[in-house]
Amino acid sequence: MQALRRVLTGAAVLLMLALLAAWQVPPRLEWGRYRGSIAAFASARLARGVTIGGQVSLSLLPQVVLTASEVKLADRGDGISARVGALRLQVQFWPLLRGHVVPRDLLLADPVVTVPWPLPDTAGAVPALAPGFAAGTEGGALHLGALTLTAVSASLHADPDTGAFGAQGTVSVQGRPCRFTALIGAAGRDGIAPLNLTLDGQGALQGTGGSFRGRLLGHGALQGTLQARGPDASKLLPAPAVPWRVQGAVQVSGGQLQAPDLQLMLADSPGQARVTLRMLPPARLDAAAKLGQFALGGWIAGLARPGLPIPVHLDVRAQAATWRGRALRDIALQLDLGGAEPGLVADATLPGDAKLHLSASLQESTTGAVLAGPLTLSAPDLPTTLTWLATKPGGAPPDWAPLLAPRADLQARLRLAGPRLELAGLALKLGASTVTGDAALTLAARPSVRAALTVDHLAIAPPLSWPPPEAARLAAALALIDADLDLHANALDIPGLPVSHVEIQARTGANGVALR
């Protein structure tokens, strides 16, 4: 028994030494003599020239792998080239001891592949690969024209009989992880090959994805049908956080992806969309959509999202929209985002047939998006328009609206940051009077108004009784807001009593109105 224990102990020690040697010794040996064998095998597998500029090392555990660094894949005249951080070749152990490299699997670690778009005339429809090609990538990047895909980890293979090319794995599309599959069939005599693609979002994009079925015509041109869907449109674009779905024909040629007639469903509202994606530098996405209705607040909230990876132009139009529970109609919204000068142009018709136009730049702040730009409003029925603005959904309209002038035309420089709206350089034509100055409105549970205004002349009809009945109603309405108003009137038009150079200061709050 003692002899058996000595034998087992010695065997264990030898095994540990062997494992330690297998782990530590191979990397310290010179394996550069296999550089040519590795390059020749990789060249045959990838069907393009492979050069190794770095060191070659061997590891035995957990698998027997030869690793070459500073690897380059040559441009074969098709414009495609690659730099590989490490080329890992799994080989058989016993033939290696006899000086023979018998490869098993090929893995390209951290490859950076550059593919021109559109492809040159020398490139075919299906990637030119050796029969039986099989390889894997880990943590790579693909530059396709102006688009970049990162964190590409995939298994690639070519059918030895048909030459069809397949790939499946994971990729990061502008920082968003996705799982993909691709199958390119063998090209027919006309050079056209079938193409099937699927893309499914992971993580925050769970449930978002799509598929493409069509034909690869060669030189980067393709035609087919796209189907895509998702539970939250705001994950991809500055849009409302509602489910979406699109379907329609897609064609790619000349460095552009075009989908001229997509059927769109945004929440419960059907519509049509037109999309153009420019894949040549500078990359750009242009999309136009027509909908029955949508929630305007969702589009405005989407402006506060971080900058998009490529410039995006959205042109959204709808017959109706809602904002803070209030209805608008004839909405036209144009968004330019992700570029050097983000901004928006908005047109809408408010109740009372008031026409609103805003052309604003978009600025980012710590509290969200800030809109700043010129605003115009033409309200031919001012009482109706202000009643719509001041009345909460489901609430009773204010009884002071009939006291207002029948018409108003406004021009100002708007600044909208969260619930605070500022109007600088305001010029307001209110009936027969002209008002200028600055004003600010904060929408909250208890709204607040700050204004410093000058009016050229103000017509006042003396009340038939005192106090006038309108005064009580107006005071009750003003008690619902916090207001700080400074008004300068050049002249008051009171019958039989000319008054000029009037200064009025009004402060309102829960305790009533203070007038100086």
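This is a short walk through the structure, with a selection to make at each stop.

**Start with the whole chain**

Before clicking on anything, keep in mind that you are looking at a predicted model. Show the chain as a cartoon and you have 6 helices and 28 strands to look at. The chain runs to 516 residues, and 37% of them count as buried. Now switch on the surface: about 27700 Å² is exposed, and carbon and sulfur atoms supply 61% of that. As for how the chain meets itself, take the contacts with a separation of 6 or more: 44% of them are between residues 24 or more positions apart.

**Now for the salt bridges**

How many salt bridges does a search of the whole structure find? The count is 13. We'll visit some of them.

**Stop one: select Arg88 and Glu138**

Show these two as sticks. Their side chains meet in a salt bridge, with 3.3 Å from N to O. Colour residues 81-91 and you have strand S4, home of Arg88; colour residues 134-144 and you have strand S6, where Glu138 sits. The two partners are 50 residues apart, so this pair links distant parts of the chain. Are they buried or exposed? Neither, quite: Arg88 is partly exposed at 33% relative accessible area, and Glu138 is also partly exposed, at 38%.

**Stop two: select Arg284 and Asp336**

Here is another salt bridge, its closest N and O atoms 3.7 Å apart. Where do the partners sit? Arg284 is in strand S16, residues 284-295, while Asp336 is in strand S18, residues 326-337. They are 52 residues apart in sequence, so the pair ties those parts together. Turn the surface back on here: Asp336 has a relative accessible area of 30% and is partly exposed. Arg284 counts as partly exposed too, with 30% relative accessibility.

**Stop three: select Asp353 and Lys355**

Zoom in on this pair and you'll find a salt bridge whose closest N and O atoms are 3.5 Å apart. Lys355 is partly exposed, with a relative accessible area of 41%. Its partner Asp353 comes in at 38% and counts as partly exposed as well.

Don't move on just yet. Which residues join these two in a network? Add Arg329 and Asp330 to your selection: salt bridges that share partners join them with Asp353 and Lys355 into one network. Leave those four as sticks over the cartoon, and that's the end of the tour.

Notes. Residues are numbered from 1 along each chain as its sequence is written. This is a predicted model: local features need pLDDT of at least 70, side-chain atom pairs count only at pLDDT 80 or more; totals for chains, interfaces and linings use all residues. Side-chain values use heavy atoms; hydrogens and water are left out. Helices (H or I, at least four residues) and strands (E, at least two) are DSSP runs, numbered from the N terminus. Buried means under 20% relative accessible area, exposed over 50%, partly exposed in between (1.4 Å probe, protein chains only). Contact means heavy atoms within 4.5 Å. Accessible areas come from the Shrake-Rupley method with a 1.4 Å probe; for residues, only the protein chains shown count as cover.
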